[in-house]
Each structure stands twice: as C-alpha cells, then as structure tokens.
Amino acid sequence: DIIKDIENILKDEKENLSQEEKEALEEQKKELEEKVSFIEEIEKYEPVSGDFKNTTEPKSNDLNADLANGSNELIGIIPLEKTEKEHIAKSEDVKVYLEVLDITKTITEEAKDLIETEVKGKEIAVYLDINLFKQIGEREPKKVPNTKGLVTISFLVPSNLVNTDSSVTRKYQVVRVHEGKVSIIDVVYDETTGMISFETDKFSTYAIVYKDQPVE
C-alpha cells in the first residue's frame with residue numbers, strides 16, 4: 001500500500017516536487033520493493049529463513065574494533081542479492097562481521113591527501129581500513145561496501161591518544177573516504193572504557209582525528 005501511495009505521489013504531484021523529494025521517494029520505494037521481494041522469496045520455502053549472526057571478533061581487529069548491532073538489527077540492513085535471499089529462505093544462516101586494519105603506514109597518497117585537506121587544524125591519529133563482510137552458509141564471504149541502514153562501530157582509543165592534560169579537552173572525530181567523497185563523522189567517547197563509537201553505512205578508508213581546546 002505504501003508503494004502504491006508513493007507511485008501516486010510521484011505521478012500526481014510530480015510538478016510540485018523538488019528533485020531531492022523525488023529522489024527520496026524513489027529511494028524509499030526501491031527499499032520497500034526489495035523488502036517485499038525478500039518476503040515473497042521466504043514464503044516460497046520451508047522451513048523458515050536462516051538466522052543473521054554478528055560474528056565479529058574484536059580481538060582479531062586492530063583497536064579491538066567491534067560491530068555493536070545485534071543479529072536482529074542486521075536483517076533489514078545487509079543488502080542481499082536474489083540468489084542469496086533464496087539460500088537464506090532455505091534456512092542457511094548469514095554471518096556478518098567487521099574487519100578493521102591499521103593502515104597508517106600503507107594508506108594511499110590519494111586518500112591521505114583527501115583527509116589532510118579536509119581536517120586542517122586537527123591532528124590525524126591513525127588511518128584505518130574498515131570493511132564489513134557477509135557470508136551465506138559456507139560460501140565465500142563477500143564485502144559489503146554499503147548497508148541499507150546505519151550500523152554502530154566501536155573501537156579502543158590507543159593509550160598514546162588519550163588526553164592526560166587537565167587544561168584542555170579533547171574532541172575526537174572520524175573521517176571517511178568513500179568513492180572519492182570525504183565525510184567527517186562525530187563520535188561518542190566513553191572516558192571510562194576508552195572506547196569511541198559512531199554510526200556509518202559505508203565501509204572503506206577512515207581516520208581518527210582530534211582537536212584540543214583549552215578548558216574555560
């Protein structure tokens with residue numbers, strides 16, 4: 001019903017909509033159609049679909065990086081191809097996991113220049129390669145460059161980057177380079193655990209940056 005409503009709006013109110021509104025409606029329509037298609041595939045098979053499992057192992061990642069989303073949250077977030085949906089509908093499980101690697105010594109000059117240009121006035125602490133994977137059953141894992149919703153990533157701030165100067169406050173951020181576009185993302189820093197967490201839906205090159213401000 002919602003898909004039909006969107007189609008009617010795009011048809012009847014076409015002249016009154018901005019280009020951004022049209023694109024937003026088209027994107028919403030596409031997402032709903034994918035979900036309907038997934039449900040239709042599931043209904044063809046018995047038993048019911050397989051489980052989504054977050055199998056990220058923080059200890060195997062640099063900075064103890066972890067994927068915070070529970071298994072149920074991942075169902076509507078991970079993009080799936082038609083054949084993958086069929087395998088899941090036949091009760092094969094989906095393993096989803098995060099891999100994070102410190103690439104400070106190996107980052108490309110292109111990505112480094114993009115980040116440095118964007119964060120002038122801030123200190124760049126470490127460069128990271130952040131990738132999300134999906135694995136259907138026992139098949140080869142595949143990278144997920146984009147998700148259909150935000151996931152939450154957390155990692156431990158290296159001890160040498162923790163502020164110990166009481167005369168300043170330190171604000172952390174992460175910078176993302178994805179398909180040539182640079183974005184600055186705010187984070188939540190937990191002083192008790194030393195963990196940073198943030199939300200994203202794109203996986204590629206990142207950097208941790210920070211800036212100190214005098215305490216008033």
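Select Lys 29 to begin: at 15% relative accessibility this lysine counts as buried, a word used here for residues under 20% relative accessible area, with exposed meaning over 50% and partly exposed in between, computed with a 1.4 Å probe and the protein chains only. The model is predicted, and for that reason local features need pLDDT of at least 70 and side-chain atom pairs count only at pLDDT 80 or more, while totals for chains, interfaces and linings use all residues. Residues are numbered from 1 along each chain as its sequence is written, and side-chain values use heavy atoms, with hydrogens and water left out.

Now add Glu 7 to the selection, since the side chains of Lys 29 and Glu 7 meet in a salt bridge of 3.8 Å, N to O, the term standing for a side-chain nitrogen of Lys or Arg within 4 Å of a carboxyl oxygen of Asp or Glu. The pair links distant parts of the chain, with Lys 29 in helix 2 (residues 19–42) and Glu 7 in helix 1, 22 residues apart; helices (H or I, at least four residues) and strands (E, at least two) are DSSP runs, numbered from the N terminus. Unlike its buried partner, Glu 7 is partly exposed, at 36% relative accessibility.

Stay with helix 1 and select residues 2–12, where Ile 3, Ile 6 and Leu 10 are buried. These three cover an arc of only 60° around the axis, which puts them on the same side of helix 1, the arc being that of the directions from the helix axis to the C-beta atoms. Turn the view to the other side of helix 1, and Lys 4, Lys 11 and Asp 12 are exposed there. An α-helix has 3.6 residues a turn, so residues three or four places apart point the same way.

Next select helix 4, residues 82–89, in which Glu 84, Lys 85, Ile 88 and Ala 89 are buried. Seen down the axis of helix 4, its buried residues fall within an arc of 140°, so they line one face of the helix.

From Glu 84, extend the selection to Lys 134, with which it forms a salt bridge, the closest N and O atoms being 2.9 Å apart. This pair also links distant parts of the chain, Lys 134 lying in strand 4 (residues 123–136) and Glu 84 in helix 4, 50 residues apart, and both residues are buried.

Then move to Asp 201 and Lys 202, whose salt bridge has its closest N and O atoms 3.2 Å apart. Asp 201 is partly exposed, with a relative accessible area of 21%, and Lys 202 counts as partly exposed as well, at 26%. Elsewhere, salt bridges that share partners join Glu 81, Glu 84, Lys 134 and Lys 142 into one network, and by the rule given above the count comes to ten salt bridges.

Two loop residues are worth selecting for their backbone angles. Ser 91, in the loop between helix 4 and strand 3 (94–102), has a phi near 85°, a positive value in a residue other than glycine, and is partly exposed at 34%. Glu 179, in the loop between strand 7 (168–178) and strand 8 (181–186), likewise has a positive phi, of about 55°, although it is not a glycine, and this glutamate is exposed, with a relative accessible area of 70%.

Finish at helix 5 (residues 109–118), where Glu 109 has its place and, at 55% relative accessibility, counts as exposed.
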